[in-house]
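Student: I've just opened this one up and I'm not sure where to begin. Could you walk me through it?

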Amino acid sequence: MPTPASDLSIEDLQQHIRRMYYDKDVARGVDGTFMWLMEEVGELASALRGNDRENLKEEFADVIAWLFTIANVADVNLAEALSAKYGQGCPGCHRFECECSLDEKP
């Protein structure tokens, strides 16, 4: 049995999730997996309104895990996607410390 990882890179975590769940995720498909992601986002929204730090951490982790899951089903490498979009700074103003106005979505 593999030992649990304490610090995973984005690439490592996506592969970790893939090893654990890929066959089930593909069988569920993008639509079904997206619905699970949305359920977890709702649970995170509830946790953000509460004061239970452990639950909040769990819900953040669940949202990230389901995001990686749907990326696997859609065959998207999140490390590459994040690097391409944010690796050179803010996509709006192209700075590493965003200077976009608060009215803009960077």
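**A first walk through the model**

Tutor: Let's start with one residue: Asp-75 is exposed, with a relative accessible area of 66%. Keep in mind that this is a predicted model.

Student: OK, where is Asp-75 placed?

Tutor: Look at the helices around it. One is H2, and another is helix H3, which covers 78-86. Asp-75 sits in the loop between H2 and H3.

Student: And what is the phi of Asp-75 near?

Tutor: Here's some background: most residues other than glycine have a negative phi. Asp-75 is not glycine, yet its phi is positive. The value is near 60°.

Student: Which value is the phi of His-94 near?

Tutor: Go to the segment after H3, where His-94 lies. His-94 is exposed, as its relative accessible area is 59%. This residue is also not a glycine with a positive phi, and the value is near 65°.

Student: Let's move to pockets. What volume does the largest pocket have?

Tutor: Its lining includes Ile-17, Tyr-21, Lys-24 and Trp-66. By class, that lining has five nonpolar, one polar and four charged residues. The volume of the largest pocket is about 170 Å³.

Student: Which helix gives the most to the lining of the largest pocket?

Tutor: Two helices each supply at least two residues of the lining, H1 and helix H2 (53-73). Six residues come from the one that gives the most, and that is H1.

Student: How far apart are the closest N and O atoms of Arg-28 and Asp-25?

Tutor: Both residues belong to the lining of the largest pocket. They are three residues apart in helix H1, so about one helical turn separates them. They form a salt bridge, and their closest N and O atoms are 2.9 Å apart.

Student: Is Asp-25 buried or exposed?

Tutor: Its partner Arg-28 is partly exposed, with a relative accessible area of 30%. Asp-25 has a relative accessibility of 2%. Buried means under 20%, so Asp-25 counts as buried.

Student: How many salt bridges does a search of the whole structure find?

Tutor: You've met Arg-28 with Asp-25. Another joins Glu-54 to Lys-57, with the closest N and O atoms 2.9 Å apart, and Arg-95 pairs with Glu-99 at 3.2 Å. The search of the whole structure finds three.

Student: What separates Glu-54 and Lys-57 in helix H2?

Tutor: Both are partly exposed, Glu-54 at 46% relative accessible area and Lys-57 at 48%. They are three residues apart in helix H2, so what separates them is about one helical turn.

Student: Is Glu-99 buried or exposed?

Tutor: Start with its partner: Arg-95 has 44% relative accessibility and counts as partly exposed. Glu-99 has a relative accessible area of 56%. The cut-off for exposed is over 50%, so Glu-99 is exposed.

Student: Last one: how much accessible area do Phe-34, Met-35, Met-38 and Val-41 have together?

Tutor: Take Met-35, which lies in helix H1 (residues 10-49). Met-35 is exposed, with a relative accessible area of 56%. With Phe-34, Met-38 and Val-41, Met-35 forms a nonpolar patch on the surface, and their accessible area together is about 360 Å².

Technical notes
Residues numbered from 1 in each chain as written. Predicted model: local features only at pLDDT ≥ 70, side-chain atom pairs only at ≥ 80, totals over all residues. Heavy atoms only, no water. Patch = residues over 30% accessible without salt bridge, like charges linked within 9 Å, V, L, I, M, F, W, Y side chains within 5 Å. Areas by Shrake-Rupley, 256 points an atom, 1.4 Å probe, with all protein chains shown as cover. Salt bridge = Lys/Arg side-chain N within 4 Å of Asp/Glu carboxyl O. Helix = DSSP H or I, 4+ residues; strand = E, 2+ residues; numbered from the N terminus. Buried < 20%, exposed > 50% of the residue type's maximum accessible area, 1.4 Å probe, protein only. 1 Å grid on protein atoms, 1.4 Å probe; cavity = no way out; pocket = protein on both sides within 12 Å on 5 of 7 lines; lining within 4 Å. Points joined across faces, edges and corners; volume = space filled by probe spheres on them. Nonpolar A, V, L, I, M, F, W, Y, C, P; charged D, E, K, R; others polar.
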